[in-house]
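Here are my notes on the model you sent over. Have a look at it first, then read on.

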Amino acid sequence: MREQEWTIEHRKHGNEVYVVSSNEGIFVGEGYDKEERKRSRYLAGIIVEALNKAEEQDEKNKEGWTCIHCGESTYENDYEQLFSAVEHIQCGLIAERESKKKNKESLID
Ligand SMILES: [Zn+2]
């Protein structure tokens, strides 16, 4: 699923053109006269397309960056926090501890 979808938004009765997502708004240009508005819309169209494409690429880059233990993305983590692209150090250590505990329990049995 796409996190952010960029769209063109006209504010002030179409006199200001923005490119907006769910949490950001970028002022592109004014549209007080016809030529200006045309230009602003043209630029906004290009920006929207480029940002949506970048967003899509970002999603693709994130594929394969999922922790095998907790199922969360590892994409935003620093390398110091990861054993690998698919394993948080924190989660790996917990899993190791759990499996050792289980091994001990099975020895007692
Ligand atoms: Zn994890």
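The points below go from the overall shape to the core and helix 1.

1. Bear in mind that this is a predicted model, where local features need pLDDT of at least 70, side-chain atom pairs count only at pLDDT 80 or more, and totals for chains, interfaces and linings use all residues. Residues are numbered from 1 along each chain as its sequence is written.

2. Reading from the N terminus, the order is β-β-β-α-β-β-α, with elements taken as DSSP runs numbered from the N terminus (helices H or I, at least four residues; strands E, at least two).

3. This isn't a ball. The C-alpha atoms fill a box of roughly 85 × 20 × 20 Å along the principal axes. The radius of gyration, taken over C-alpha atoms, is 24 Å, against near 13 Å for a compact globule of 109 residues (the rule being 2.2 Å times the number of residues to the power 0.38).

4. Just 10% of the 109 residues count as buried, meaning that 20 or more other C-beta atoms, placed from the backbone, lie within 10 Å of the residue's own.

5. In helix 1, the buried residues are S40, A44 and V48, and they pack against strand 1 (7-11), strand 2 and strand 3 (25-30).

6. Helix 1 has 29 residues, so it should span 42 Å, and its end C-alpha atoms are indeed 42 Å apart (expected span: 1.5 Å times one less than the number of residues). Just after helix 1, G64 has a positive phi of about 90 degrees.

Key. Buried ≥ 20, exposed ≤ 12 C-beta atoms within 10 Å, placed from the backbone. Contact = placed C-beta atoms within 7 Å.
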